[in-house]
Amino acid sequence: MINPKTFFQGLKSLKGSRSPAIPLGACFIALGALLKDAGFNLQQSAASSLFTYALPGQLVMAESLLVGASIINIFIAVWLVNFRLYPMTVSLFPLLEHKSQPKWKYYLSCHFLAVSSWLIAKDSYKKIDKKHRIDFWIGIGMGTWSTAIIMTVVGYLSADYLNKDMLIGLAIVNPVYFFCMMIGAMKNLSVSIAVIGGTILGPLIYLISTEWALLFAGLVAGTIAFLFGGKNGK
Amino acid sequence: MASSQLIILAIIATSLATFISRFMGALTSEKVSVKSKVFQWFNCVAYSTLAALLGRMIIFPAGVLSDSELMIRLIVLITCVVIFIFTKKNLVIPTILSAIFLSILNNF
């Protein structure tokens with residue numbers, strides 16, 4: 001079934017100086033408090049992180065509910081903001097493929113796809129034997145996913161003790177962590193062009209279209225990076 | 001304040017909208033070889049989409065972060081990235097400091 005040694009190797013990525021636990025914890029604590037504010041109960045808040053586990057989409061959901069958007073509108077807005085998970089999966093899963101592994105592992109573990117787990121997996125998959133890479137990924141995913149759910153509950157329960165300044169402080173941790181990880185990933189020309197281009201185009205296109213900004217910016221900057229970046233190592 | 005039923009429907013809609021992209025990605029991955037040009041293109045698009053999201057999170061944030069000044073967010077981000085580089089890519093120190101810096105600067 002699952003190779004325990006590589007699974008725990010993946011799980012252990014929560015420890016150490018590159019741990020995603022602090023940023024994940026910070027942003028999901030802030031989310032838990034926000035969901036309480038939006039009228040969610042504890043179970044609903046935990047269920048949101050359990051079943052969605054994608055912070056930008058959960059933020060869109062909470063804010064849409066607060067302004068009274070319809071379910072269809074929420075669905076479309078979330079789909080657009082979380083569509084990034086599609087190219088992210090396609091740029092990671094082929095690296096984890098092995099003929100001896102059953103497909104259900106891939107179909108179920110794609111739920112663990114999030115920015116933090118993706119960045120860790122991209123950073124460390126080479127160290128793992130090809131045959132067990134999917135188990136390594138499941139280990140990373142179980143660690144990051146359960147951290148997110150637990151911290152959402154913690155955030156919900158501690159909402160009354162968190163003032164606005166503390167929440168703002170918690171909310172910056174995630175983008176700072178991701179930026180650092182992305183800068184760490186800029187080891188070749190194409191990834192560097194993709195990261196710089198995306199960072200500039202994302203907010204620029206957002207001025208024209210709030211909903212389609214990510215998709216367009218990703219496609220345009222990514223294609224430019226592909227065309228001009230030459231051979232891609234990762 | 002949304003009703004309980006509406007919240008449950010919103011959670012289902014959000015989860016489905018999110019899982020579709022992940023699952024489609026897993027299905028597409030079966031046909032994509034690591035050595036192919038398509039894989040390289042997807043890799044570039046993934047990094048740039050992620051960067052676009054991060055750029056937007058800093059410049060046009062959602063949630064509580066929008067109550068802080070853009071200039072302060074940029075100062076915190078740049079300082080923490082510099083710390084990250086100088087601490088030999090330690091991620092714990094800059095991330096903890098970012099929360100402290102922003103909380104303090106936001107009160108000035």
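## Two chains and their helices in a predicted model

Lys88(B) is exposed, because its C-beta atom has 7 other C-beta atoms within 10 Å. The cut-off for exposed is 12 or fewer such atoms, that for buried is 20 or more, and partly exposed lies in between, with every C-beta atom placed from the backbone. The model is predicted: local features need pLDDT of at least 70 and side-chain atom pairs count only at pLDDT 80 or more, while totals for chains, interfaces and linings use all residues. Residues are numbered from 1 along each chain as its sequence is written, and chains are lettered from A and ligands numbered from 1 in the order in which they are written.

Lys88(B) sits in the loop between helix H3 (70-86) and helix H4 (92-105) of chain B. Helices here are DSSP runs of H or I with at least four residues, numbered from the N terminus. The phi angle of Lys88(B) is near 55°, a positive value in a residue other than glycine. Most residues other than glycine have a negative phi. Tyr53(A) also has a positive phi, near 45°. This tyrosine is in the loop between helix H3 (42-51) and helix H4 (55-66) of chain A. Is Tyr53(A) buried or exposed? With 25 other C-beta atoms within 10 Å, Tyr53(A) is buried.

Neighbour counts for selected residues are set out below.

| Residue | Other C-beta atoms within 10 Å | State |
|---|---|---|
| Lys88(B) | 7 atoms | exposed |
| Leu95(A) | 20 atoms | buried |
| Tyr53(A) | 25 atoms | buried |
| Ser48(B) | 35 atoms | buried |

**The interface of the chains**

Chain A brings 91 residues into contact with 73 residues of chain B; contact means that the C-beta atoms of two residues, placed from the backbone, lie within 7 Å. Helix H11 (residues 164-185) of chain A supplies the largest share of the chain A side, 19 residues. By class, that side has 62 nonpolar, 23 polar and 6 charged residues. Ala, Val, Leu, Ile, Met, Phe, Trp, Tyr, Cys and Pro count as nonpolar, Asp, Glu, Lys and Arg as charged, and the others, Gly among them, as polar.

H11(A) meets helix H2 (residues 37-59) of chain B, where the two axes come within 10 Å and cross at roughly 145°. The axes are lines fitted to C-alpha atoms over the stretch in contact, and angles run from 0 to 180 degrees between N-to-C directions. The crossing of H11(A) and H2(B) is left-handed, that is, the near helix is turned anticlockwise from the far one by less than a right angle. On the H11(A) side the contact is made by Pro175(A), Phe178(A), Phe179(A) and Met182(A), and on the H2(B) side by Leu50(B), Ala51(B), Leu54(B), Met57(B) and Ile58(B). This contact has 9 nonpolar residues, with no polar and no charged ones.

Ser48(B) is also in helix H2 of chain B. Which residues is Ser48(B) in contact with, leaving aside neighbours within four places in sequence? They are Ala194(A), Val195(A), Gly197(A), Gly198(A), Ala217(A), Gly218(A), Ala221(A), Gly222(A) and Ala225(A).

**Helices of chain A**

In helix H1 (residues 4-11) of chain A, Thr6(A), Phe7(A) and Gly10(A) are buried. They are on the same side of H1(A) because they cover an arc of only 105° around the axis, taken from the directions from the helix axis to the C-beta atoms. An α-helix has 3.6 residues a turn, so residues three or four places apart point the same way. The buried residues of H1(A) pack against helix H10 (133-157) of chain A, whereas the face turned away from the buried side carries the exposed residues Pro4(A) and Lys5(A).

Helix H9 (residues 115-124) of chain A is mostly covered, with 8 of its 10 residues buried. Among the buried residues are Trp118(A), Leu119(A) and Lys122(A). Their cover includes helix H2 (21-37), helix H6 (85-90), H10 and H11 of chain A together with H2 of chain B.

Leu95(A), in helix H7 (residues 93-96) of chain A, has its C-alpha atom 8.9 Å from that of Lys122(A), although the two are 27 residues apart along the chain. Apart from neighbours within four places in sequence, Leu95(A) is in contact with Tyr125(A), Arg133(A) and Val34(B).

**Domains**

Domain bounds come from an automatic or database domain assignment. Chain A has domain 1 (4-173) and domain 2 (186-234), whose C-alpha centres lie 23 Å apart. Their contact takes 7 residues from domain 1 and 6 residues from domain 2 of chain A. Helix H5 (residues 71-82) of chain A gives the most to the domain 1 side, with 3 residues. Chain B is divided into domain 1 (1-31), domain 2 (35-62) and domain 3 (68-108). The C-alpha centres of domain 1 and domain 3 of chain B are separated by 33 Å.

Technical notes
Helix = DSSP H or I, 4+ residues; strand = E, 2+ residues; numbered from the N terminus.
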